[in-house]
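Me: I've got a model open and I'd like to go through the labels one by one. Can you back each of them up for me?

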Amino acid sequence: MSTRETVVVLDFGSQYNQLIARRVRELDVYCELLPHDTTAAAIKQKGAVGVIFSGGPDSVYFNDGPKADPAILELGVPVLGICYGLQLINQMLGGEVKGGPAEFGRRVVKTTGGALFQGLPDSWECWMSHGDFVSRPAPGFTVTASTDTCPVTGLENPEKKIYGVQFHPEVAHSRYGRDVLKNFLYGVCGVKGDWTMKNFAAQAAAALRGKIGDKKVLCALSGGVDSAVAAALVHEACKNLTCIFVDTGLMRKNEAAEVMRVFKDERGMNVIKVDAEARFLTKLKGVADPEKKRKIIGGEFIRVFEEEAKKIGSVDFLVQGTIYPDVIESGVGKSAVIKSHHNVGGLPDVVDFKEIVEPLRELFKDEVRACGFEIGLPASIVMRQPFPGPGLGIRVIGEVTSDKLHILREADFIFRDEVAKAGLEKEIWQYFAVLTGTQTVGVMGDCRTYDYTLALRAVTSVDGMTADWARIPHDVLERVSNRIVNEIKGINRIVYDITSKPPATIEWE
Ligand code: XMP
């Protein structure tokens, strides 16, 4: 049983289920997302202080709609149902649920008291997304909220400690949604709120110390956020960590130097830097096909790492930067399936190790960043934007050469510099330059030029699965364009990519 206050979210298939878990954690309570058929015994064993039934796309009156173990409602542990979760609980306890009236989008909820709405105004905007509604509350339940079209928007049975809301408190559009969750956690479940990254970092270090001690640990440092925070955490706790950092020559300007400065110079970590640019460029010579380039870069990376790992010999632990969304995607709750999400494709196969250690497997990405700051890593590492494994190798369109990489690196640096100066870093999810293979005619001074076209790509996104092009102000784009054509030889034209994903992808290759 965990000593940490734990709230369990049962997953009934809502698109917002990860968001519920994140909101709970933002309120300083550790939260796990588990399958809807998790048993009451398993929940008890976890020592859960609260259970949340998520929403979901199904109807409770269809037989194949996901169900929950009825014994959960008898545990005496507070329960909150959201949307489908509310309807399911109501039906399980003898109430009635019917189809319609459907509500999608903003609605004004009117409350009439109840523990969830303590200290909140009587009416406010909430976010709805449902086709069914509670037509008759289960015996013993009181209606605590409604909208003009949905008579039962809030229900409670304080004696049984069971509560429910029809709207989605986890989405930002629900004006007081965060307060509703807070009232449930602090008012009903009585939590103290012990989930902070300060506590996590201290507990993780203690656990790693106990598990690893002075045994041999190996980590592939890629420069990415997850592997960086994982390695730094392990370093805090263990003496015998070796990090291998492969400089492929395909990284951005100053990136490799920054990794070495932060980890080796400042933190005193044992980092082996392998300068492999020449190897990668030799392998990439004459190759223009994007898929072939990706395969070559991935394969070469593994070979370089394998050679270095062999020099170190057998290790006890291999550090992986797996984070909670990777764990969820690999099948929540199936603890027997240890699928290590390989940040650097296929590594475990080529390293002689006894066990994988994944210090971040409980954390969401924003928590990984908060943890990184907590243990003193700089923003240049912690807030680093997503960067593809094959690096600039897939941002030089067509054949990759040292000259093209140089041009791209300098142009990309100017773009990033101007975005930072304009204070837009936080608004844009990813922004970078692409050296297109197209050369066009230009005029500089009185001379004709025939140089490369550079594309600027900047997108807003939540997870990289879909994206929109970022509306960067024209004056910022103008500064970027002016600086690049003036400061870098080899580029005479700049275009801005205004396609969303889909139909385009974020990267060009
Ligand atoms: P696309 O281009 O598919 O990119 O829209 C979505 C996100 O994934 C990143 N990306 C990669 N990340 N290895 C990675 O680790 C890769 O091979 C790779 N390809 C694309 C891309 O930068 C964007 O954030």
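Reply: Sure, and keep in mind that this is a predicted model. Let's start with the open sheet: 5 strands, ordered E12-E11-E10-E13-E14, with parallel pairing.

Me: What makes E12 and E14 edge strands?

Reply: Count the partners. Strand E12 (271-275) and strand E14 (353-357) have a single partner strand each, so one side of each has no neighbour in the sheet. From one strand to the next, the twist averages 25°.

Me: How do you know that E10 and E13 pair?

Reply: Pairing takes at least two bridges. Between strand E10 (residues 217-221) and strand E13 (residues 315-319) there are 3 bridges, so the pair qualifies. The two run parallel, and Val 217 has Phe 317 of E13 as its bridge partner.

Me: Which helix packs on this sheet, and what does it touch?

Reply: That's helix H7 (residues 255-266), which touches E10, strand E11 (241-247) and E12. The direction of H7 makes about 165° with that of E12.

Me: On to the cysteines. Why is there no disulfide between Cys 126 and Cys 150?

Reply: A disulfide is a covalent bond between the sulfur atoms of two cysteines. The cut-off used here is 2.5 Å between the sulfurs. For Cys 126 the closest cysteine sulfur is in Cys 150, 9.0 Å away, so that's too far for a bond. Looked at from Cys 150, the closest one is in Cys 126, again at 9.0 Å and too far. The search of the whole structure comes up with 0 disulfides.

Me: And why are Cys 126 and Cys 150 called buried?

Reply: Buried means under 20% relative accessible area. Cys 126 is at 0%, so the label fits. Cys 150 has 0% too, and therefore counts as buried.

Me: Which residues of helix H8 are buried, and how do you know that they're on the same side?

Reply: In H8 (residues 277-284), they are Phe 280, Leu 281 and Leu 284. These cover an arc of only 95° around the axis, so they sit on the same side of H8. On the other side of H8 you'll find Ala 278 and Thr 282, which are exposed; that label takes over 50% relative accessible area.

Me: What covers the buried residues of H8?

Reply: The cover includes E11, helix H9 (290-312) and helix H13 (402-421).

Me: Which residue just after H8 has a positive phi?

Reply: Gly 286, with a phi of about 75°.

Methods:
Residues are numbered from 1 along each chain as its sequence is written. This is a predicted model: local features need pLDDT of at least 70, side-chain atom pairs count only at pLDDT 80 or more; totals for chains, interfaces and linings use all residues. Side-chain values use heavy atoms; hydrogens and water are left out. Helices (H or I, at least four residues) and strands (E, at least two) are DSSP runs, numbered from the N terminus. Axes are lines fitted to C-alpha atoms, for helices over the stretch in contact, and angles run from 0 to 180 degrees between N-to-C directions. Contact means heavy atoms within 4.5 Å. Buried means under 20% relative accessible area, exposed over 50%, partly exposed in between (1.4 Å probe, protein chains only). The arc is that of the directions from the helix axis to the C-beta atoms.
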